[in-house]
Amino acid sequence: MKTIGLIGGMSWESTAHYYRILNEEAAARLGGLHSAPLLIHSLDFAPIAALQAEGKWDEAGALLNGSARRLVVAGAEVIGLATNTMHLVADTMMADVDAPLVHIGDPTADALLEDGHEIVGLLGTRFTMEMGFYRERLEARGLTVLIPEVDRTNLNGIIYEELCRGIIRDESRKIYVDAISRLAARGATAVILGCTEIGMLIDDSVSPLPTYDTTDLHARALVGAALA
């Protein structure tokens, strides 16, 4: 099994879930006492969040490029970026990096298409919902992607002010459930949890639509790539 290099810390809450899923999936596939050979470079999220807010994506991309390079030097053979939003700078991050990136959008599209979905809702940070980098990758696979028409500010705030800090509130869960209900009314047959923290708040037990948790799908795809 190849060594996985994971760029995390954005936020550390979801990176912790990645660690668990990566090892569970490796054990499930290989059996016995197997776990995932894994290198993690966990970044301080505060300066990255500031760069996001200021629209300084080139600087953020250069910072992540340094992470990816460090991981390869340390022995990583497959790269994963444990955040949806920062895939906006995936090309910059992977410049001159001698290892393949498993893009978080690809296993998400694979799972949706395998289950026969055509129109899907997308929840995430306002950057993921409103900027084209994520939707366009899914649409290139033939999916129609809907984003919330209202409440995007509230949905974004819940991620940064609560989930990234490990705060889970029933009131916030209701805001997300209501947003999913509105997406369903517009024709969505499934919803993408397109921020790696949203799975802390929403799952199939409370969602009006089937949920596709990008954290889970991405981590399992990373194991698959490492075993390929």
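Which two side chains meet in a salt bridge with an N to O distance of 3.2 Å, in helix 1? They are those of R20 and E24. Keep in mind as you explore that this is a predicted model. The briefing below takes you through salt bridges, aromatic pairs and an enclosed cavity.

**Salt bridges**

- In total, the structure holds 16 salt bridges, and a few of them are worth finding one by one.
- Start with R20 and E24, which both sit in helix 1 (residues 12-30). They are four residues apart, about one turn of the helix.
- R20 has a relative accessible area of 40%. That value lies between the 20% and 50% cut-offs, so R20 counts as partly exposed.
- Its partner E24 has a relative accessible area of 39%, so E24 is partly exposed by the same reasoning.
- Next, look for E54 and K56, which form a salt bridge whose closest N and O atoms are 3.2 Å apart. K56 is partly exposed, at 36% relative accessibility.
- R152 and E130 form another salt bridge, with 2.8 Å between the closest N and O atoms.
- This R152 and E130 pair links distant parts of the chain: R152 belongs to helix 8 (residues 152-161) and E130 to helix 6, and the two are 22 residues apart.
- R152 counts as partly exposed at 24% relative accessibility, and E130 is partly exposed as well, with a relative accessible area of 39%.
- Salt bridges can also share partners: in this way E25, R29, D216 and R220 are joined into one network.

**Aromatic pairs**

- Now turn to the rings, where the count comes to three aromatic pairs.
- One of the pairs is W57 with F127, whose ring centres are 5.2 Å apart. Their planes stand at 80°, which is over the 60 degrees needed, so the pair is edge-to-face.
- W57 and F127 link distant parts of the chain, being 70 residues apart. You will find W57 in helix 3 (residues 57-74) and F127 in helix 6 (residues 126-130).
- Are these two residues buried or exposed? W57 has a relative accessibility of 13%, which is under the 20% cut-off, so W57 counts as buried. F127, at 8%, is under that cut-off too and therefore counts as buried.
- F133 and Y134 form another edge-to-face pair, with 6.1 Å from centre to centre and 80° between the planes.
- Both F133 and Y134 are buried.

**The cavity**

- How many cavities of 30 Å³ or more does a search of the whole structure find? The search finds one.
- The volume of the largest cavity is about 80 Å³.
- The largest cavity is lined by 13 residues, and those closest to its centre are M10, T83, T85, T125 and C195.
- Two elements, helix 2 (45-53) and helix 8, give two or more residues to the lining of the largest cavity.
- Sorted by class, the lining of the largest cavity has six nonpolar, six polar and one charged residues.

**Places to revisit**

- Helix 6 is a good place to pause, with F127 pairing with W57 of helix 3 and E130 linked to R152 of helix 8.
- Helix 8 comes up again in the lining of the largest cavity, to which it gives two or more residues.

How values were computed:
Residues are numbered from 1 along each chain as its sequence is written. Side-chain values use heavy atoms; hydrogens and water are left out. Rings of Phe, Tyr and Trp (its six-membered ring) pair if their centres lie within 6.5 Å; planes under 30 degrees apart count as stacked, over 60 as edge-to-face and the rest as tilted. Buried means under 20% relative accessible area, exposed over 50%, partly exposed in between (1.4 Å probe, protein chains only). A salt bridge is a side-chain nitrogen of Lys or Arg within 4 Å of a carboxyl oxygen of Asp or Glu. On a 1 Å grid over the protein atoms alone, a cavity is a set of points where a 1.4 Å probe fits but cannot get out, and a pocket is an open set with protein on both sides within 12 Å along at least five of seven lines; lining residues have an atom within 4 Å of a point. Grid points are joined across faces, edges and corners, and a volume is the space filled by probe spheres set on the points. Ala, Val, Leu, Ile, Met, Phe, Trp, Tyr, Cys and Pro count as nonpolar, Asp, Glu, Lys and Arg as charged, and the others, Gly among them, as polar.
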